[in-house]
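This report describes how strands and helices are arranged in one protein. Please consult the sequence and the structure shown below while reading.

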Amino acid sequence: DLVPVGDFSFYDQVLDMSFTLGNLPERVQGWQGDVLDNSFRLARGRTARGAQAAAACCGGAHAPQTAASPADEGVAAGEMTKWFDTNYHYIVPEFSAATAFRLDASRLLAQLAEARAQGVQAKPVIIGPVTYLALGKAKDGSDKLALLERLLPVYAELLDTLAAHGAEWVQVDEPILVTELTADWQHAFNTAYHQLKACQPRLLVATYFGQLQENAYLAANLPVAGLHVDAINDREGVAPLINLLSAHKVLSLGVINGRNIWKTDLAATLDWLEPLAERLGDRLWLAPSCSLLHVPVDLAQEQQLDAEVKSWLTFAIQKLAELRLLGRALREGRAAVAAELADNAAALAARRSSPRVHNPAVQAAVATLNAGMGQRHSPYAERAARQAALLQLPLYPTTTIGSFPQTADIRRARSEYKAGRLDAAGYQSVMRAEIERAVREQENLGLDVLVHGEAERNDMVEYFGEQLEGYAFSQFGWVQSYGSRCVKPPILFGDIRRPKAMTLAWIRYAQSLTDKPMKGMLTGPVTILNWSFVRDDQPRSQSCRQLALAIREEVLDLEKAGVRIIQIDEAALREGLPLRRAQWQAY
C-alpha cells in the first residue's frame, strides 16, 4: 500500500543523506559536475592528476581549471564502516564545530516524481537527524550533539518540501534506538521530534536490527504519527510497547525478515498477528523488518539452484508477496488465502523433515564438544621452545596475510573450467603455475614464512562452502555491500559436514616448492557464518559450532601432513557483534 522511495543508493544511503543535507567535507566542496560522480569521488577518493585530464574525465567545461584546483590535487576518500551489524557499508559523515547544513532535496524529489508517474503511493525514507549525527565523526573533537540545533531546521525544510510534493507519510529511520543510549542522546530524540512535529507530513519513526528494551518508553512517546519496530528481533517487546502507545498512533510491525531468505511461517505469524489486529484495527501496519536491500531481488531468476532448497526460500519480491498475503488474511480471513497457506505449510514441513537439513552424525559430534577440546596439552613456554627449534625462524619473521591478486588469467581459467571448456587437469595446471609464481615471488623478496597465494579460491567463504555438506549457492543472489561492490552470500541450509580435506592438496604442493615453512590458510567459522545466509531453525551458535568442528578437522589434517603454521582468517568476527554491549560476552 505504501512503497519506500529513497532507500536504495548507487553508493550508500548515509552518503546520500550527507549530500541531501549539504554536509560535504571542505576538500570536495570545489568539485563540480554530476552529483553521482561527486558522491563516488568522496566515497573512493581521487588520485591527483593534471587539471585538464580531470576536466576531460568528468568535469567537462565546468570543471575547475586552476593549478590549485581539487582536480589537480586529488581528494582523500571518506572513511567507510559497517552499517550496524550488516555487511552493508556507509561513508562516515564528517563534522566540525563549524559544520553548516544546506538542503538539496533533488534526489528524493526526482525519485518521488518517478514513483508518482507510475501511480505508486510513495513513502519517502530518510535517515533521522539523531542517527545521522550518531553515525558521524567530529574531526576536530567537538561535540556532535551541539550541531543538532543547526541540523533540525534543514530537516524541517526537507519534510515540508516532501509534503509539498505529495508525500503524506515520511519514514524517518532511527536505528540507534536499538542501542544503548546515554541520557544526552535520549534527550536529543525528544528535542528533535518535538521540533519536527510541526512539519506537514506524518512521520513514521523506524527502528530495526534489534530490541528497543530501555528505549521503548522513549520511542513510544515521541510526538510522531507512527512507530516501526523489528518484530523479527523484538517480538517479545511488542506487547509491552503497545501498552505504551497513545490511542491514535500507528504501529508498523516488521513481520517478514528483511535480513534472511527463508520462507515465513505464515500460519504462526497470523496466530500472533490476529489478536493484535483485532486490538489495533487500522493502526496496525505490516512491513518487512528492515529494508530489503539486505536480500537478493527475485528467486524466480534462479534456474540452477537446487529445487528442494529453492522451495524453502524467499527473496525480496517473494517477501512482498508474503506481506500482501498476510494483509489479505487479516482483512478477509484465512479462508481467502487457504491455498497459499497450505502451500506454505507444506514447504515448511518438507524443510523440517528433510534428511539434507538434519544429519544425526553431525549433531552427535557437536554434542560431544567440550571445553577441554579448546585447551592445549602443554603450557605455552614449552610449546614455544619446541616450535622455535622446529621452525628455525629468525627474530621478527616476515610473512603476508595470504591472498595474492586474482589475476585475469586466474579468472579466465576458472570461467573456462566452470563452462566445461577446460578440463580438471588443465585447470589444476594453471592454478599450480600461479601458486609457483607466488612462492617464487616471496622467496625473491626474502620472506620467512610463505603463503600459496590462494589462486584456486574464488572467495574466502564460498570456496569452503562449496566443499561442505549443508551449503547451497545461488546464481543471481547478489546483495549490495556498497557502491558497485556486491556480494553473493552462500546459503547455509543444513547441518555442516566436511566430507574430505578441503585445502590439503594445494598446501602440500606449495610446500613441495620451497624449503621455507608454508602456512596453511583457512577461513574461520565465525566469518563463514557471518557472510552466509544462515538457517533460522536453530540458534546461530549451533551452526557456528558445526562450522568450527569442520574447520577443526581440516586443521588436524594439515597438522598430520606436516604443516607447522596455520592461519585462520576471521575477517568478519566483529560483524556479528551485538549492538548492545550487554550482549557482547554471550557473543
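## Helix 5 and helix 7

The model discussed here is a predicted one. Helix 5 (residues 106-117) and helix 7 (residues 148-164) have axes that come within 11 Å and cross at roughly 20°. Angles under 35 degrees count as roughly parallel, and helix 5 and helix 7 are therefore roughly parallel to each other. Their crossing is right-handed.

Helix 5 contributes Leu 108, Leu 109 and Leu 112 to the contact, while helix 7 contributes Leu 158, Thr 161 and Leu 162. Classified by type, the residues in this contact of helix 5 with helix 7 comprise 5 nonpolar, 1 polar and no charged.

## Confidence in the model

The mean pLDDT of the protein is 94, and 96% of its residues reach 70 or more. Residues 56-68 have pLDDT under 50 throughout; for this stretch the model has 21 contacts beyond four places in sequence. Where pLDDT is low, the predicted coordinates should not be read in detail.

## The sheet of 7 strands

Strands of a sheet pair through backbone hydrogen bonds, either parallel or antiparallel. One open sheet in this model consists of 7 strands in the order 1-5-7-8-9-10-11, and its pairing is parallel. At the edges stand strand 1 (3-5) and strand 11 (284-288); each has a single partner strand, so one side of each is left without a neighbour in the sheet. On average, neighbouring strands of this sheet are turned by 30° against each other, direction ignored.

Within this sheet, strand 7 (residues 169-173) pairs with strand 8 (residues 202-206) in the parallel sense over 5 bridges. Gln 171 has Leu 204 in strand 8 as its bridge partner. Helix 11 (residues 266-280) lies across strand 10 (250-256) and strand 11, and runs at about 170° to strand 10.

## The sheet of 3 strands

A further open sheet has 3 strands in the order 12-15-17, with mixed pairing. Strand 12 (469-472) and strand 17 (533-534) are its edge strands, and each pairs on one side only. Strand 12 and strand 15 (residues 491-497) run antiparallel and are joined by 3 bridges. Tyr 471 has Leu 492 in strand 15 as its bridge partner.

Helix 22 (residues 540-560) packs on this sheet and touches strand 12, strand 15 and strand 17. The direction of helix 22 makes about 55° with that of strand 15.

## Helix 18 and its two partners

Two packed helices are described by the angle between their axes and the distance between the axes. Helix 18 (residues 424-445) packs with helix 20 (residues 504-512) at an angle of about 45°, and their axes are 10 Å apart. That angle makes helix 18 oblique to helix 20. The crossing of these helices is right-handed. In the contact, Gln 428, Met 431, Arg 432, Ile 435, Glu 436 and Val 439 of helix 18 meet Trp 506, Tyr 509 and Ala 510 of helix 20. This contact of helix 18 with helix 20 has 6 nonpolar, 1 polar and 2 charged residues.

Helix 17 (residues 408-418) also packs with helix 18, at an angle of about 165° and with the axes 10 Å apart. Helix 17 and helix 18 are therefore roughly antiparallel to each other. Their crossing is left-handed. Asp 409, Ile 410, Ala 413, Arg 414 and Tyr 417 of helix 17 meet Ala 424, Tyr 427, Val 430, Met 431 and Glu 434 of helix 18. The residues of this contact of helix 17 with helix 18 comprise 7 nonpolar, no polar and 3 charged.

Definitions and conventions
Residues are numbered from 1 along each chain as its sequence is written. This is a predicted model: local features need pLDDT of at least 70, side-chain atom pairs count only at pLDDT 80 or more; totals for chains, interfaces and linings use all residues. Side-chain values use heavy atoms; hydrogens and water are left out. Two strands pair if DSSP finds at least two bridges between them. Helices (H or I, at least four residues) and strands (E, at least two) are DSSP runs, numbered from the N terminus. Axes are lines fitted to C-alpha atoms, for helices over the stretch in contact, and angles run from 0 to 180 degrees between N-to-C directions. Contact means heavy atoms within 4.5 Å. Angles under 35 degrees count as roughly parallel, over 145 as roughly antiparallel, 65 to 115 as roughly perpendicular and the rest as oblique. A crossing is left-handed if the near helix is turned anticlockwise from the far one by less than a right angle, and right-handed if clockwise. Ala, Val, Leu, Ile, Met, Phe, Trp, Tyr, Cys and Pro count as nonpolar, Asp, Glu, Lys and Arg as charged, and the others, Gly among them, as polar. pLDDT is the predictor's confidence in each residue, from 0 to 100.
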